[in-house]
Amino acid sequence: MLFVNVQKPDALFRKIGECEGSVSYLDGQGAHRDLKRVAAQMLDLGAPLRLQAIPSLEVLADSPRDRQKLMSFMMESRC
């Protein structure tokens, strides 16, 4: 699923961390990268280094429950 104009990346990263299955993203070369690990690293960074917004992010979740959880989060929070 493609998320566009994410205004609350920290909230999205926390929700990704709650997912039970594998969650990945597509990098610029089309390779799948572990998004749960990246999300944890971003949350560990100091506030000045964190992203303020994400223009576009292609997210792939293996579990149907995780996909529903992420979609509901984006609809409810309007990230």
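Here are a few friendly notes on the core, one strand residue and the salt bridges of this predicted model.

1. Ground rules. Residues are numbered from 1 along each chain as its sequence is written, and side-chain values use heavy atoms, with hydrogens and water left out. As the model is predicted, local features need pLDDT of at least 70 and side-chain atom pairs count only at pLDDT 80 or more, while totals for chains, interfaces and linings use all residues.

2. The core. The largest nonpolar core (buried Ala, Val, Leu, Ile, Met, Phe, Trp, Tyr and Cys residues joined through side-chain atoms within 4.5 Å; buried is under 20% relative accessible area, exposed over 50%, partly exposed in between, with a 1.4 Å probe and protein chains only) has 18 residues. Leu12, Ile16, Val23, Val59 and Leu70 touch the most other members. Beyond four places in sequence, Val23 has contacts (heavy atoms within 4.5 Å) that include Ile16, Val59, Leu60 and Leu70.

3. Leu60. This residue sits in strand β4 (helices, H or I, of at least four residues and strands, E, of at least two are DSSP runs numbered from the N terminus). Leu60 is partly exposed at 24%, and its contacts beyond four places in sequence include Ser22 and His32.

4. Salt bridges. There are 3 (a side-chain nitrogen of Lys or Arg within 4 Å of a carboxyl oxygen of Asp or Glu). Glu20 and Arg65 pair at 3.7 Å, linking the loop between α1 and β2 to helix α3 across 45 residues. Arg33 pairs with Asp27 at 2.9 Å; Arg33 is partly exposed at 41%, whereas Asp27 is buried at 15%.
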